[in-house]
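Here are my notes from going through the model you sent. Have the viewer open while you read, as I jump around the chain a bit.

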Amino acid sequence: MDLLEVSGISRKLQQNTVVHDISFSQRRSQKLAIAGETGSGKSTLLKMIAGLEQPDAGQILFKGQKVLGPLFQLIPGHPGIAYLSQHYELRNNYRVEEWLDMANRLPQSDADALFRICRIDHLISRKTDQLSGGEKQRIALCRLLIGTPELLLLDEPFSNLDPIHKQILKQVLDDIGNRLHISCILTSHDPQDTLSWADELLVMRGGQLVQKGSPQQLYYHPENEYVAGLLGSYLLLSEAVLSLFTTNRSQPLIHGKYLVRPEQFRIVPKQAGAVKAVIQQLRFWGAFSEILATVAGTTIVIKTMDPDPLSVGDTIYLQLAHATPR
């Protein structure tokens, strides 16, 4: 039996459809990410799963039992599901340990282990108004985990975090899944937060589920330009340009053109089958370099980790790696 089953969920707010006929399931320990632009309905969907908002249609089953919305219970929410809003708040004028003790029913040894997992054991004696945003978020997360939920819902957890605190939170989420065996669903509009983390990715637009599958499937075989652009930079090549690189038509076809990711191009020595290109612009991004080049009068973008120095005007030769199969 799946841990979570969402069937035909819909929600209207002020006559506007915010979520429309969404269905999916989640296995135990499976990591789900929901991606979409701002206003796509991600937060509303999470709140309905948590029992904090009432769906207008459909049902949500958690461990085979229906999740009741606020119309059917005095205190909204489900005891086995924890929801962390992107607008988390801590009470001021408390020490962290005082604020956590209000919710803590765990033995002290278990609580101490949880503090270490959440990377807050060094913050216990601090006042809540003496913390950074990332520290406050991890403390709010720890307070939810004290209740030993089986499903954790995280609404845009990486927004407004600097790179250091974002990396710490990602390590915390890995430990939550691996050591506490808590299943997670998170929302994000940043592909860097979802592609490397999720087992399955759901993409929403205008309240509807556009595409779902593994991160690799959605990245290399998006249904449309919205999904393609949401997950990273891309090119749409005409058949004439694509045929310079290959006669294989395995690349995804969108609006009569073939989708290619910039990192699929490889810079190679001059050889049979390699396509000549002339560099027009270079951008250094640290982990990779981005090259704008012309091929047969068409401008393309190439992402490369090639350490060889290049300059504007240089001639390079390219090959194209095919997209991974569906």
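The points below cover the sheets, the helices packed on one of them, and the salt bridges.

1. First, the usual caveat: this is a predicted model. Please read every distance and angle below in that light.

2. Start with the six-stranded sheet. It is open, its pairing is mixed, and the strand order is β6-β7-β8-β3-β9-β10. The edges are β6 (81–84) and β10 (208–213); each has a single partner strand, so one side of each is left without a neighbour in the sheet. From one strand to the next, the twist averages 15°.

3. Inside that sheet, have a look at β3 and β8. Strand β3 (residues 31–36) runs parallel to strand β8 (residues 183–188), and 5 bridges join the two. If you want a landmark for the register, Ala 33 sits opposite Leu 186 in β8.

4. Now the helices on this sheet. Helix α1 (residues 42–49) lies across β3, β6, β7 (151–155), β8 and β9 (200–205), and its direction makes an angle of about 155° with β7. Helix α4 (residues 133–145) lies across β6 and β7, running at about 165° to β6. Strands β6 and β7 therefore appear in the contact lists of both α1 and α4.

5. On to charges. Side chains of opposite charge can pair when their charged atoms come close. Searching the whole structure turns up 13 salt bridges; I comment on a few of them here.

6. Glu 53 and Arg 11 form one of these, with 3.3 Å between the closest N and O atoms. The pair links distant parts of the chain: Arg 11 belongs to strand β1 (residues 4–13), while Glu 53 is in the loop between α1 and β4 (57–62), 42 residues away. Buried or exposed, how does Glu 53 come out? Its relative accessibility is 16%, so Glu 53 counts as buried. Arg 11 is also at 16% relative accessibility and counts as buried.

7. Please check the geometry of Arg 95 and Glu 97. Their side chains meet in a salt bridge with an N to O distance of 1.9 Å. Arg 95 is partly exposed, at 28% relative accessible area, and Glu 97 is partly exposed too, at 29%.

8. What ties helix α5 to helix α6? Lys 166 forms a salt bridge with Asp 193, the closest N and O atoms being 3.5 Å apart. Lys 166 lies in α5 (residues 163–179) and Asp 193 in α6 (residues 191–194), so the pair ties together parts that are 27 residues apart in sequence. Lys 166 is buried, with a relative accessible area of 18%, and Asp 193 counts as buried at 4%. The pair also belongs to a network of salt bridges linking Lys 166, Lys 170, Asp 190 and Asp 193.

9. Last, the five-stranded sheet. This one is open with antiparallel pairing, in the order β14-β18-β15-β16-β17. At its edges are β14 (265–268) and β17 (298–304), each pairing on one side only. Neighbouring strands are turned by 45° against each other on average, direction ignored.

10. Within this sheet, strand β15 (residues 275–284) and strand β18 (residues 315–320) pair in the antiparallel sense over 4 bridges. For the register here, use Ala 277, which stands opposite Ile 316 in β18.

Terms used:
Residues numbered from 1 in each chain as written. Predicted model: local features only at pLDDT ≥ 70, side-chain atom pairs only at ≥ 80, totals over all residues. Heavy atoms only, no water. Pairing = 2+ DSSP bridges. Axes fitted to C-alpha atoms, helices over the stretch in contact; angles between N-to-C directions. Contact = heavy atoms within 4.5 Å. Salt bridge = Lys/Arg side-chain N within 4 Å of Asp/Glu carboxyl O. Buried < 20%, exposed > 50% of the residue type's maximum accessible area, 1.4 Å probe, protein only.
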